[in-house]
Amino acid sequence: MDATARAMVEAIHASPVQAVIYLSGGASQALGWLMSVPGASNTVLEAVVPYSRMSMLQLLGKAPSQFASRQTAEDMALMAYNRALKLSQPGFPSLGVGFTGSLVSARPKLGEHRFHVSTRTSDHLWTSTVTLSKGLRTREQEDEVSSQFVLKAIAYACKVPTTFVPEITDSEVPDEFKLHFDEDQELEQLINGQICFKVYPFLSDIRKAERKIILSGSFNPLHDGHLKLLEVASSILGEGYPCFELSAVNADKPPLTVSQIKERVSQFEKFGKTVVISNQPYFYKKAELFPGSAFVIGVDTAARLINPKYYGGDYNRMLETLSSCKSTGCVFLVGGRNVDGDFKVLDDFDIPRELRDMFIPIPADKFRMDISSTEIRSRGNL
């Protein structure tokens, strides 16, 4: 790695972007270059090499029509982006990188030597295809060239200016494709399940916190009780990144429209509070999206979580579902609520022994709010 490439890697590591990288069929040196420069942990969340056919099938969840193709690289980049969303620290931009290539192999290839690099961020999809001059390079040299392109693609996605130029000939012209997404398109992708969530990091204090402290709800409207509850929960845990979470997809209602999502998001911008828009209405799915998080809930929600009625009447299924949440490192902070006219706290409910350490009570003397969003909407209609 020359001085120009090293400077580019240093600039990548100095950026806030956090990436998941999937490589197949080449570009192996790119990982070595990224990891050999101090600060790699700032950038690389995970790197996977799905080299065998079965490994690629499991990664993509389908059989690609062609393994070394632009479409496969784009699919890999999207999978990597969704993975990066789950692993990245709150408030930091995520990047997915996909690479697939058909380079020099032990057996002479009848087809072209080519590779495809794709990057996915919140607002763009970028892909480059390069067909290499056959017989010009060894396998190691083709791997080096493809690694240079991966590194340059990461720098571009990180908005890092660089003078680094990959070592290709004049005839090896990259075929590039770029697609930009606006906010509405990204939210449509979220509703349709292409991306798993979108973060609006309105909280100005971006912290290097692994754990998210999440208050989920419909927030129709957002009110002082929500703000106070998250504040109290954050003070109890002492460490973490507080944020709100709104699911665009509901269990028993039509999904929110893009305009409805944007209207509710605007409430959080006014207060400078981060909100995450997801497409998972169930907590066991939220736990998969936000591993290691602390979910802030009301005692009425806690009561539903442990009620076998919501698991087809199957007590063991309830235990299994919540145990899977527990295995992700998630916990629930539980605030008191009015239930059927009486103020209830966590101690009023019998939490199964296997799950008790998942549920942490919020003392009533620290937080009590008897009004709900439904009541606020009803009063507003009087």
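These exercises work through a predicted model of one protein.

**Exercise 1. Overall picture**

Describe the protein's secondary structure, extent and burial.

Solution.
- Begin with the elements. The protein has 13 helices and 15 strands.
- Next, take the extent. The C-alpha trace spans about 80 × 45 × 40 Å along its principal axes.
- Then look at burial. Of the 382 residues, 49% count as buried.
- Turn to the surface. About 18,300 Å² is exposed, and carbon and sulfur atoms supply 50% of that area.
- Add the contacts. Take those between residues at least 6 apart in sequence: 74% of them join residues at least 24 apart.
- Finish with charge. There are 41 positive and 44 negative charges, and their mean positions are 3 Å apart.

**Exercise 2. An aromatic pair**

Classify the ring pair F283 and F295: stacked or edge-to-face?

Solution.
- Start from the count. The model holds 13 aromatic pairs.
- Check the distance and angle for this one. The ring centres of F283 and F295 are 5.6 Å apart and the planes meet at 80°, so the pair is edge-to-face. The cut-off used here is an angle over 60 degrees.
- Place the two residues. F283 is in helix 10 (residues 283-289), while F295 is in strand 11 (residues 294-298). They sit twelve residues apart, and the pair links distant parts of the chain.
- Check burial against the cut-off of under 20%. F283 has 15% relative accessibility, so F283 counts as buried. F295 has 0%, so F295 is buried too.

**Exercise 3. A second partner for F283**

Which parts of the chain does the pair F283 and F332 tie together?

Solution.
- Get the geometry first. F283 and F332 form an edge-to-face pair, 5.7 Å centre to centre with 80° between the planes.
- Now locate the residues. F283 lies in helix 10 and F332 in strand 12 (residues 331-335), so the pair joins parts that are 49 residues apart in sequence.
- Test burial. F283 and F332 are both buried.
- Widen the view. Ring pairs link F283, F295, F332 and F359 into a cluster.

**Exercise 4. Charges over rings**

Which lysine has its charged end over the ring of F283?

Solution.
- Look above the F283 ring. The charged end of K286 sits there, 5.8 Å from the ring centre.
- Apply the distance cut-off, within 6 Å. The 5.8 Å value for K286 and F283 fits.
- Find another case. The charged end of K198 sits over the ring of Y200, 4.8 Å from its centre.

**Exercise 5. Two loop residues**

Where do S293 and E112 lie, and is each buried or partly exposed?

Solution.
- Take S293. S293 is in the loop between helix 10 and strand 11. Its relative accessibility is 1%, so S293 counts as buried.
- List the contacts of S293, leaving aside neighbours within four places in sequence. They are R211, K212, I214, G329, C330 and V331.
- Take E112. E112 is in the loop between strand 3 (94-102) and strand 4 (113-120). Its relative accessible area is 46%, so E112 is partly exposed.
- List the contacts of E112 under the same exclusion of neighbours within four places in sequence. They are S102 and T131.
- Finally, set E112 against S278. The two are 166 residues apart in sequence, and their C-alpha atoms are 42 Å apart in space.

Notes
Residues numbered from 1 in each chain as written. Predicted model: local features only at pLDDT ≥ 70, side-chain atom pairs only at ≥ 80, totals over all residues. Heavy atoms only, no water. Phe/Tyr/Trp six-rings, centres within 6.5 Å; stacked < 30°, edge-to-face > 60°. Helix = DSSP H or I, 4+ residues; strand = E, 2+ residues; numbered from the N terminus. Buried < 20%, exposed > 50% of the residue type's maximum accessible area, 1.4 Å probe, protein only. Lys NZ or Arg CZ within 6 Å of the ring centre and 35° of its normal. Contact = heavy atoms within 4.5 Å. Areas by Shrake-Rupley, 256 points an atom, 1.4 Å probe, with all protein chains shown as cover. Lys, Arg positive; Asp, Glu negative; His and termini not counted. Charge placed at Lys NZ, Arg CZ, Asp CG, Glu CD.
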